[in-house]
Amino acid sequence: MSGFKQCIINGIKEGLISESNGERLYKNFDEIKDFYQYKKNLTKPEAEQRAAREVYDAMKIEEAEKLRYTLQMKAKMQEIEFDFGNYRNENGEVDYANAYRAYLAQDNWSYKPNIENQATNEAKKAHSLMNNVLEQFRYGWGGLQSRKQKANKKLMVRELMGERTGNVNAQELAEAWKKTAEHLRKRANAFGMKIKSRDDWGLPQMHDTLSVRSTQKEDWIDFILPKLDIQKMVDESTGLPFTDKSIRQALSQVYDNIATEGMANFKPGVNRMGKAMHNRRLDHRFLAFKSADDWMAYQTRFGNGDPFKTMLDHINSMSRDIAILKILGPNPDAIHTWAKSMVRKQAAIDAANEAKGLFKRKKTIIKDSKLKGVKKDQVKIYRTEQDRTNAILENSDNLMMYHKGQLSKPVDGFFGNTFAALRQLLTGSQLGGAAVMTLTDQHWMRHTAKFNGLKSHRANINSVKFLAEGMKKDKKLARLAIKLGLGAEMWSSVSAVMNRYLMEVDAPMWSKRISDAILRGSGLSHSTQANKWAFGMMALGELAEEVKTPFAKLHKNLQAQFKKYGIGE
């Protein structure tokens, strides 16, 4: 027996290594030893020495990652505890429940960033990096695209998969997407994920769970295996190339994860928090296809055949995950559960003091015109502190599920899709004539600008320019708005795809096309997007002009808005 194996045995006996980890180390050691002994023709002692060194190095990296994860979790808990004690609600009261809810959605009494606005910011930044891709492949009426757009998409995919097409435009589009995807990868890793860089990575795989489930495991493996470039794929457990046997075992695990929506390895009572988000996208770059044709063939049968939709969906899901990681740390589910426990503990203490008359919150006044003979300021809703806290925590749970994409997952897929389609049809029919109402948006933009201490007329002027540009082929202003990070909602309005593997269920495409065509045809989509871009450009322009102005000389309303977000002199 090698000395390294004996070390593992001793570690298990002394309680330094768990039995499951010991078995994993044994397996990795043997696989690496066999690789060097039989594939690289080293002697057995040499192979054992190389295997021991690589397993040991991998162990050190794993321990470093665990330490990093632990420190990040501890720092996030300390941050939340500090905010709980310093947050004040609209009545100036300490309020743990609303302090935590402010992490999940906009709160007028908190200057802290939240998941809601951070997800939007991350997506808009990604859009700004690939604005030329968005412009060339943007959807027309009803989400339709021209033959030229479809042909260019295929050329771009070939460039992304390492095939040289000789088309300069396709090469530039591919580079823009790679820059965007790499930006998202680095952002995710900065907040705790462990997504490895791969120079040959082109596009993610979007798996349709229903399509995969309806296929036998062996048939799915037989379909995908000839399309994979095994030489580019690495066995994560050993760091070695796959063998014919190990690749089928790995694909079997991939199939199980897709078919069970990630529940294949779930252990009730053990994985109480679920899979930590910092590990969740490790398999996103696992599959490496031989060519663009192979990738498109798989996506057409088991995923989404439109690469532009795949790109946009990747941006949306990555932006959401980055925002959740940034706000709640590398294991958001664990932080969510811990934070709720902290809130409930404080609520119990406050409730006990409330019963003794030592604690009291301001109550909400009932405004009911049917109350006769009773003054409204004398009638108040009696709500215990625990009732109030439970209601806010229930709302926090719903917000968390929404951000993770779980809230829109229907209990019954048939009825879920049926009513999702109905919602799209009602949107088109009921808002078909709403464009005329957007004329009042000009008025509200002026008031919003004044409220924030900005020059009110500039947004109105910009809006008219955007509306005029909408009738032209050249979209210079629109490109500038997207580059500035102001988003491109209308250019990707029907892009969201049904992707049950990521727990998102969207409306059927035909219903979205109808709704989109009506809203575009009526001018509502154009007007709304023009107003958003116009106000955003006005605000950025105003701030740029005031960059050298002393804080005390800014408009008092602008000072107030800065202070609201924790920005002082």
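**Salt bridges, cores and a surface patch**

Asp293 comes out as partly exposed, at 43% relative accessibility (buried is under 20% relative accessible area, exposed is over 50%, and partly exposed is in between, with a 1.4 Å probe and protein chains only). The model is predicted, so local features need pLDDT of at least 70 and side-chain atom pairs count only at pLDDT 80 or more, while totals for chains, interfaces and linings use all residues. Residues are numbered from 1 along each chain as its sequence is written, and side-chain values use heavy atoms, with hydrogens and water left out.

Asp293 pairs up with Arg158 in a salt bridge, with 2.9 Å between the closest N and O atoms (a side-chain nitrogen of Lys or Arg within 4 Å of a carboxyl oxygen of Asp or Glu). Asp293 sits in helix H12 (residues 292-302) and Arg158 in helix H7 (residues 147-160), so this pair ties together parts 135 residues apart in sequence; helices here are DSSP runs of H or I with at least four residues, numbered from the N terminus. Arg158 is partly exposed too, at 23%.

Across the whole structure, the search turns up 24 salt bridges. Another of these joins Lys112 to Glu79, with the closest N and O atoms 2.8 Å apart. Lys112 belongs to the loop between helix H4 (96-104) and helix H5 (115-129), and Glu79 to helix H3 (residues 44-86), so the bridge ties together parts that are 33 residues apart in sequence. Lys112 is partly exposed at 22% relative accessibility, and Glu79 is partly exposed at 27%. By contrast, the salt bridge between the side chains of Asp321 and Arg320 (3.8 Å, N to O) involves a buried Asp321, with a relative accessible area of 1%, and a buried Arg320, at 9%. Glu93, Asp95, Arg361, Glu385 and Arg388 go further and link up in a salt-bridge network.

Turning to the interior, the largest nonpolar core has 63 residues, and Trp177, Trp220 and Tyr298 touch the most other members (a core being a set of buried Ala, Val, Leu, Ile, Met, Phe, Trp, Tyr and Cys residues joined through side-chain atoms within 4.5 Å). Leaving out residues up to four places away in sequence, Trp220 touches Val212, Thr215, Leu251, Val254, Tyr255, Ile258, Tyr298 and Phe302, where contact means heavy atoms within 4.5 Å. A second, separate core of 26 residues has Leu104, Ala105, Trp338 and Ile392 among its members.

Ser527, in helix H21 (residues 524-545), is buried at 9% relative accessibility. Beyond four places in sequence, Ser527 touches Thr438 and Leu467. With Thr438 there is also a side-chain to side-chain polar contact of 3.1 Å (a pair of N or O atoms within 3.5 Å; within protein, one must be able to donate a hydrogen and the other to accept it, and residues adjacent in sequence count only if both atoms are side-chain atoms).

On the surface, Phe414, Phe415, Phe419, Leu422 and Leu426 make a nonpolar patch of about 530 Å². Patch residues have over 30% relative accessible area and no salt bridge, with nonpolar side chains (Val, Leu, Ile, Met, Phe, Trp, Tyr) joined within 5 Å and like charges within 9 Å; areas come from the Shrake-Rupley method with a 1.4 Å probe, and for residues only the protein chains shown count as cover. Phe415 lies in helix H16 (residues 413-430) and is partly exposed, at 49%. Glu172, in helix H8 (residues 168-190), is likewise partly exposed, at 46%. Glu172 and Met156 are 16 residues apart in sequence, with their C-alpha atoms 8.6 Å apart.

Definitions and conventions. Helices (H or I, at least four residues) and strands (E, at least two) are DSSP runs, numbered from the N terminus.
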